[in-house]
Amino acid sequence: MTSTYSTLTGKSRTSCCTHLIHEVCTPQAFDGLRAAGRSVRRPDCTLATVDHNVPTAHRGKTALIVDPESRAQCEAMDRNVREFGISYFGLQDARQGIVHVVGPEQGFTLPGITCVCGDSHTSTHGAFGALAFGIGTSEVEHVLATQTLMQKKSKNMRITIDGTLPEGVDSKDLVLHIISVIGASGGNGCVIEYAGSVIRGLSMEARMSVCNMSIEAGSRSGMIAPDDTTFSYLRNRHLAPKGQEWDRAVAYWRTLKSDEGVKFDVEVHISASDIVPVVTWGTSPQDVVPITGTVPNPATFSDPDRRKAAKRALQYMDLVPGTRMASIRVDNVFIGSCTNGRIEDLRAAANIVRAAGADAAVAAGVRAMVVPGSSLVKRQAEAEGLDAVFRRAGFDWREAGCSMCVGMNEDQLGPGKRCASTSNRNFEGRQGAGGRTHLMSPSMAAAAALRGTLTDARQFRLSSSQAAVAIEPLTPEQLGVTLALSDVRSRTSPVIHQPAAQAPTSSALGKVLRVLKGIAAPIYIENVDTDMIIPKQFLKTISRTGMARGLFYNLRNDVNSGAAVDFILDMAPYDKAVILVSTGKNFGCGSSREHAAWSLEDFGIRCIIAPSFGDIFRNNCFQNCMLPIELDVETCRSLAQDAAAGIEFTVDLESQEINCGDREGSPIQFTIDSFRRNCLLNGYDNIAATMQHAESIAEFERQRTTNWPWLDGVGYKSQKEGKSSGNHSMDW
Ligand SMILES: CC(C)[C@@](O)(CC(=O)O)C(=O)O
Ligand code: SF4
């Protein structure tokens, strides 16, 4: 399936059709462009929004954001979109929202495209039969400058779910179940195709929730072949093709499916009847248990690493094995995020409140927030009366944004507080330092809010008279959107900057790595996620330096007092470590934040050895001239022993060997992609190298205009036709 979707302009460069951007992972990329005197190649294929830092208590000017760092990031976005001529849904725009809600909502996400964004949940857009994946900030810069990316073909995995989902089981239960089956690293290196009768029967919203969480199964990208459900969702969306172009597009989109009898690298079959409403109990999205179940006993896990991880998770979550999940009290409820902040999710949650009767109320002591995924979702929900249902029961009805999914704004979970959340990550400290997250579906979160404990939502049955009346999506006029919608994708006038003297561009520029000699620090944690490597408060910067302070912050500092606690990287000789050795697999999983690589590098780490890596993190390391080495678990464990003994390591990239003392089996050979190896050995400006292929990129764009004209923005079209596009009003 993937080969149908990836459109190659060169041996290893993928042309990106659409590029979504938000304020957290882009300021450094725009600075890179400015410093090198580069413009944005395809402003018409780039769409910007602000979502992570925005307050959800009010809407207004960016200048009203109280937190100075959050404000600085949003203002940087305001500046960058103006300067580089990019369509933008700013804080005052009625179309603002979470980047992964906004793209599909506008019809910017279409079948057959390659869609990228500096955000791991870009996998969401795969629900439309797009090859959609998250990238780091250096790659964002590469895409802005060239509209292409260096890519290696992924492995293919197909997950087929057949049968009928039992009553009360929704798409969130389905995807959490999938992650529990294949594990948080199960999809490493793969693009997943979701198939089978259950997937075919899902709405677009539900498909997006499933694809969204592909990254939580270790896969950068998940996709679903487009069908009539897809087409009817897209028809009449603002940026979807219209008229004859629509017919032509649909005819093409219908061809986008896996060939009969095609061979996948990995096949997984799941029976729908095995799936029940679930919640998570631990600190990885794979820690899933039926809501009717109990907290598992780590001793029952056969894998020693899993056992260790489970013990650590239970300690963090303050849970005792054998406790009934449905007896666990919660302090907070969060309904929202790019996984479950869409209109269907809000309807599902509101239905539980309706089913609980006219005097349903949020349990005493619980704070429950409903945060729509976009401002348009919010208006739609209000038109359907959902806000009234929530408010009457004591829920807090908020403005759109990422909110407590990540807590980069004021919406944070306090230390020791427990949250029933519809978001996608239950990592340590994800929703707030020391906060404890249980992931679940919107109906289960609503049920938890009413009962005050994790609750089986099947207890709330809706009579037909209580059922919500879903209404057709409102038109822009009904929604009161008065802004000039036609302005979207119209920006065409690239601004060429003069290179600033000696300013750095792509982060790896000028750096090389040949032989690395020094101390290695062992880390014994499974699934080290990038939230753990650098928590969210350190992402609120517009620079790429000075991040060592944030490295493993929550492991190095007491969550309440902030005082330093014993952590390996603060103890001699490991405070001088240049290498990390992880015994746990899936190092760097989760968020795409390149800040994780930057903070390691700033500390002095140039090489990480682990049994496997999160795909985006691995790329981010290479982009910063750092070497991720993958070795089998046994070898990692024995290298960790050497590291623990304080033995000095020598990593030689030329000979692809690791030497540590005169240990048995030394030197250890490792393999590495030859292109990446060359880049590290010689130092390489990826963007300049790609720009040498400018003619083939242009040729590809010409073919694209001929074959798929609907992928060009209006401004680009008129520019090609020699018409001026400069008279659009600027709607930010
Ligand atoms: C930017 C960041 C906060 C992010 O959105 C990034 C990501 O997931 O890639 C996240 O959810 O961790
Ligand atoms: S995962 Fe959370 S923080 Fe990241 S884009 Fe989605 S809603 Fe925003």
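## Confidence in the model

Over residues 493-497, pLDDT stays under 50, and the model has 13 contacts beyond four places in sequence for this stretch. A second stretch, residues 501-505, also has pLDDT under 50. Here the model has ten contacts beyond four places in sequence.

This is a predicted model. The protein averages a pLDDT of 92. At least 70 is the score of 92% of the residues. For the complex, the predictor gives an ipTM of 0.98 and a pTM of 0.94.

## The annotated span

An unreviewed UniProt entry lists residues 513-632 as "domain: Aconitase A/isopropylmalate dehydratase small subunit swivel". In the model, this span is 22% helix and 18% strand. The C-alpha atoms at its two ends lie 23 Å apart.

## A seven-strand sheet

Seven strands form an open sheet with mixed pairing. Their order is S22-S21-S20-S19-S23-S24-S25. At the edges stand strand S22 (627-630) and strand S25 (668-669). Each has a single partner strand, so one side of each is left without a neighbour in the sheet.

Now look at strand S20 (residues 579-582). Both of its faces are covered. Ile579 and Val581 are buried on one side, and Leu580 and Ser582 are buried on the other. Strand S19 (residues 515-523) runs parallel to S20 and is joined to it by four bridges. In this pairing, Ala520 stands opposite Ile579. S20 also runs parallel to strand S21 (residues 607-610), with three bridges joining them. There, Leu580 stands opposite Ile608.

The antiparallel sense appears too. Strand S23 (residues 648-652) pairs this way with strand S24 (residues 657-660), over four bridges. Phe649 stands opposite Cys660 in S24.

## Helix H14 and its cover

Helix H14 spans residues 375-383. Its buried residues are Ser375, Leu376, Val377, Lys378, Gln380 and Ala381. What covers them? The cover includes helix H4 (99-106), helix H13 (343-355), helix H15 (386-392) and strand S16 (396-397). After H14 comes Gly385, with a positive phi near 80 degrees.

## Aromatic rings

A pair of aromatic rings is described by the distance of the centres and the angle of the planes. The whole structure holds 16 aromatic pairs. One of them joins Tyr252 and Trp708. Their ring centres are 5.4 Å apart and their planes lie at 35 degrees, so this pair is tilted. The two residues come from distant parts of the chain, 456 residues apart. Tyr252 belongs to helix H10 (residues 243-253). Trp708 sits in the loop between helix H24 (694-707) and helix H25 (714-720).

Is Trp708 buried or exposed? Its relative accessibility is 17%. Buried means under 20%, so Trp708 counts as buried. Trp708 also belongs to a cluster linked by ring pairs. The other members are Phe231, Trp246, Tyr252, Trp253 and Trp710.

## Charges over rings

Two arginines can be found over tyrosine rings. The charged end of Arg42 sits over the ring of Tyr716, 3.3 Å from the ring centre. Arg237 has its charged end over the ring of Tyr233, 3.9 Å from the centre.

How values were computed:
Residues numbered from 1 in each chain as written. Chains lettered and ligands numbered in written order. Predicted model: local features only at pLDDT ≥ 70, side-chain atom pairs only at ≥ 80, totals over all residues. Heavy atoms only, no water. UniProt positions renumbered as here; feature names shortened; annotations may be inferred. Phe/Tyr/Trp six-rings, centres within 6.5 Å; stacked < 30°, edge-to-face > 60°. Buried < 20%, exposed > 50% of the residue type's maximum accessible area, 1.4 Å probe, protein only. Lys NZ or Arg CZ within 6 Å of the ring centre and 35° of its normal. pLDDT = per-residue confidence, 0-100. Contact = heavy atoms within 4.5 Å. Pairing = 2+ DSSP bridges.
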